[in-house]
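Colleague: I have this chain open on my screen. Can you walk me through it?

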Amino acid sequence: MASGVTVCDKVIQVFNDMKVRKHAPQEEQKKRKKAVIFCLSEDKKKIILEAGREILVGELGDTVDDPYLHFVSMLPPSDCRYALYDATYETKESKKEDLVFLFWAPESAPLKSKMIYASSKDALKKKFPGIKHEWQANGLEDIKDRQSLAEKLGGSCVISLEGKPV
């Protein structure tokens with residue numbers, strides 16, 4: 001069921017910027033988004049960027065020890081969200097970077113919120129071509145640690161995540 005919710009152009013731009021890895025000067029690389037959270041606008045008609053809910057690559061190492069755990073801590077405990085996380089990981093064969101699309105719908109979220117976010121998810125996914133990893137999480141126990149992300153990315157094949165052993 002479609003909700004009639006549309007996707008803001010800025011959301012599409014952020015996705016495209018995260019998807020394309022440019023060989024840019026280090027200063028520009030630091031401005032790349034590692035993670036970003038999207039929410040519904042006040043009138044519930046558009047999917048927008050949630051203000052202040054992003055992690056920039058330049059913040060890593062300075063203020064963020066583990067980018068994945070910091071990302072998880074940014075999710076609201078009692079409302080739904082969509083998010084993109086740019087995972088850097090290593091398997092036994094190669095090093096990889098993939099975008100993970102997360103649909104966050106905690107048990108404690110209001111039913112109306114769960115319904116509109118669930119019915120709007122496809123509108124957003126259609127604007128994000130090429131996403132290899134989609135994840136629906138219904139509580140912190142689903143996403144609480146790096147191991148749960150590693151399992152989503154490739155299970156036992158993943159040997160390191162964000163430069164640290166799993």
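**A walk through the chain**

Modeller: Let's start at the end of a helix. α6 is followed by G155, and the phi of G155 is positive, near 65 degrees. Keep in mind that this is a predicted model.

Colleague: Which residues of α6 are buried?

Modeller: They are R146, S148, L149, A150 and L153.

Colleague: Take S148. Where does S148 lie?

Modeller: S148 lies in helix α6, which covers residues 146–154.

Colleague: And why does S148 count as buried?

Modeller: Its relative accessibility is 12%. Buried means under 20%, so S148 counts as buried.

Colleague: What is S148 in contact with, leaving aside neighbours within four places in sequence?

Modeller: Y68, W135, D142 and I143. Remember Y68 and W135 for later.

Colleague: Let's zoom out. How many helices and strands are in the chain?

Modeller: There are 6 helices and 8 strands. Reading from the N terminus, the order is β-α-α-β-β-α-β-β-α-β-α-α-β-β.

Colleague: What share of the residues is buried?

Modeller: Of the 166 residues in the chain, 43% are buried.

Colleague: And what does the chain expose?

Modeller: About 9200 Å². Carbon and sulfur atoms supply 52% of that area.

Colleague: What about contacts between residues 24 or more positions apart?

Modeller: Take the contacts with a separation of 6 or more. Residues 24 or more positions apart account for 62% of them.

Colleague: New topic. Which residues are buried in helix α1?

Modeller: V11, I12, V14, F15 and M18 are buried there, in a helix that spans residues 9–19. Seen down the axis of α1, these buried residues fall within an arc of 160 degrees, so they line one face of the helix.

Colleague: What do the buried residues of α1 pack against?

Modeller: Five strands and one helix are not hard to find on screen. Look for β1 (6–7), β2 (33–40), β3 (46–56), β4 (81–91), β5 (95–104) and α4 (111–126).

Colleague: Let's stay with α4. Is S120 buried or exposed?

Modeller: S120 is found in helix α4. It is buried, with a relative accessible area of 0%. The C-alpha atoms of S120 and K45 are separated by 9.7 Å, while the two residues are 75 apart along the chain.

Colleague: And K121, buried or exposed?

Modeller: K121 is found in α4 too. K121 has a relative accessible area of 15%, so it is buried.

Colleague: What does K121 touch, not counting residues up to four places away in sequence?

Modeller: K121 touches Y82, F101, F103, E134 and Q136.

Colleague: How many cavities of 30 Å³ or more does the structure hold?

Modeller: The structure holds 1. Its volume is about 30 Å³.

Colleague: Which residues line the largest cavity?

Modeller: Y68, F71, Y85, V100, L102 and W135. The elements that give two or more residues to this lining are α3 (67–74) and β5. Here Y68 and W135 come back: S148 is in contact with both.

Colleague: How does that lining split by class?

Modeller: It has 6 nonpolar, no polar and no charged residues.

Colleague: Back to phi. Which residue in the loop between β2 and β3 has a positive phi?

Modeller: K44, at about 65 degrees, although it is not a glycine. K44 sits in the loop between β2 and β3.

Colleague: Why bring that up?

Modeller: Because most residues other than glycine have a negative phi.

Colleague: Okay. How accessible is K44?

Modeller: Its relative accessibility is 45%, so K44 counts as partly exposed. E162 also has a positive phi, near 55 degrees, and E162 is not a glycine. E162 lies in the loop between β7 (158–161) and β8 (164–165). At 16% relative accessibility, E162 counts as buried.

Colleague: Last one. Where does S94 lie?

Modeller: In the loop between β4 and β5. S94 counts as partly exposed, at 31% relative accessibility. S94 and V158 are 64 residues apart in sequence, and their C-alpha atoms are 9.6 Å apart in space.

Note on methods: Residues are numbered from 1 along each chain as its sequence is written. This is a predicted model: local features need pLDDT of at least 70, side-chain atom pairs count only at pLDDT 80 or more; totals for chains, interfaces and linings use all residues. Side-chain values use heavy atoms; hydrogens and water are left out. Helices (H or I, at least four residues) and strands (E, at least two) are DSSP runs, numbered from the N terminus. Buried means under 20% relative accessible area, exposed over 50%, partly exposed in between (1.4 Å probe, protein chains only). Contact means heavy atoms within 4.5 Å. Accessible areas come from the Shrake-Rupley method with a 1.4 Å probe; for residues, only the protein chains shown count as cover. The arc is that of the directions from the helix axis to the C-beta atoms. On a 1 Å grid over the protein atoms alone, a cavity is a set of points where a 1.4 Å probe fits but cannot get out, and a pocket is an open set with protein on both sides within 12 Å along at least five of seven lines; lining residues have an atom within 4 Å of a point. Grid points are joined across faces, edges and corners, and a volume is the space filled by probe spheres set on the points. Ala, Val, Leu, Ile, Met, Phe, Trp, Tyr, Cys and Pro count as nonpolar, Asp, Glu, Lys and Arg as charged, and the others, Gly among them, as polar.
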